[in-house]
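I opened the notebook to look at how two helices pack and which rings sit between them. Entries follow in the order I looked things up.

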Amino acid sequence: MQAPNTKSLAAEDMLRVKDIAKFFKVHPSTIYRAIQAKELFAHRVGGKKRGPLRVPQSSFKAYCESGPFGASDQAEAVAA
């Protein structure tokens with residue numbers, strides 16, 4: 001998955017890793033592994049090395065459509 005344009009990130013809603021993990025009912029480290037494997041795009045905010053990760057809604061929807069945990073139908077519920 002390609003990284004979105006940084007200008008579009010500012011206008012887009014961002015999701016926390018913790019919230020995505022709750023949605024899929026998995027541990028946050030599972031989501032961090034997906035980010036590290038480049039299956040899910042995340043952007044670090046507040047600092048280059050220490051800031052928290054945020055996932056753009058569009059990346060989250062694309063990740064859900066790929067069916068990682070069988071939750072493709074529920075992507076709209078969290079993104080809303």
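**Entry 1: the elements.** I took helices as DSSP runs of H or I with at least four residues, and strands as E runs with at least two. The model is predicted, so I kept local features to pLDDT of at least 70. On that footing I looked up the secondary structure of the protein chain and got 5 helices and 3 strands. Read from the N terminus on, the order is α-β-α-α-β-β-α-α.

**Entry 2: the chain as a whole.** I checked burial next. Of the 80 residues in the protein chain, 34% count as buried. I then looked at contacts with a separation of 6 or more. Residues 24 or more positions apart account for 53% of them.

**Entry 3: α2 against α4.** Two packed helices are described by the angle between their axes and the distance between the axes. I looked up both for helix α2 (residues 17-24) and helix α4 (residues 57-65). Their axes come within 13 Å and cross at roughly 25°. Angles under 35 degrees count as roughly parallel, so α2 is roughly parallel to α4. I also noted the hand of the crossing of α2 and α4: right-handed.

**Entry 4: the contact residues.** Which residues of α2 meet α4? I found I20, F23 and F24 on the α2 side. On the α4 side they meet F60, Y63 and C64. I sorted the residues of this contact by class: 6 are nonpolar, with no polar and no charged ones.

**Entry 5: the rings.** How many aromatic pairs does the structure hold? I got 4. F23 and F24 form one that is edge-to-face, at 4.9 Å centre to centre with 70° between the planes. I then turned to F24 and F60. Their ring centres are 6.1 Å apart and their planes stand at 50°, so this pair is tilted. The F24 and F60 pair links distant parts of the chain, with F24 in helix α2 and F60 in helix α4, 36 residues apart. Taken together, ring pairs link F23, F24, F60 and Y63 into a cluster.

**Entry 6: ring burial.** Are F23 and F24 buried or exposed? The cut-off for buried is under 20% relative accessible area. F23 has 15% relative accessibility, so F23 counts as buried. F24 has 9%, so F24 counts as buried too. I checked the partner of F24 across the helices as well: F60 is also buried.

Conventions: Residues numbered from 1 in each chain as written. Predicted model: local features only at pLDDT ≥ 70, side-chain atom pairs only at ≥ 80, totals over all residues. Heavy atoms only, no water. Axes fitted to C-alpha atoms, helices over the stretch in contact; angles between N-to-C directions. Parallel < 35°, antiparallel > 145°, perpendicular 65-115°, else oblique. Left-handed = near helix turned anticlockwise from the far one by under 90°. Contact = heavy atoms within 4.5 Å. Nonpolar A, V, L, I, M, F, W, Y, C, P; charged D, E, K, R; others polar. Phe/Tyr/Trp six-rings, centres within 6.5 Å; stacked < 30°, edge-to-face > 60°. Buried < 20%, exposed > 50% of the residue type's maximum accessible area, 1.4 Å probe, protein only.
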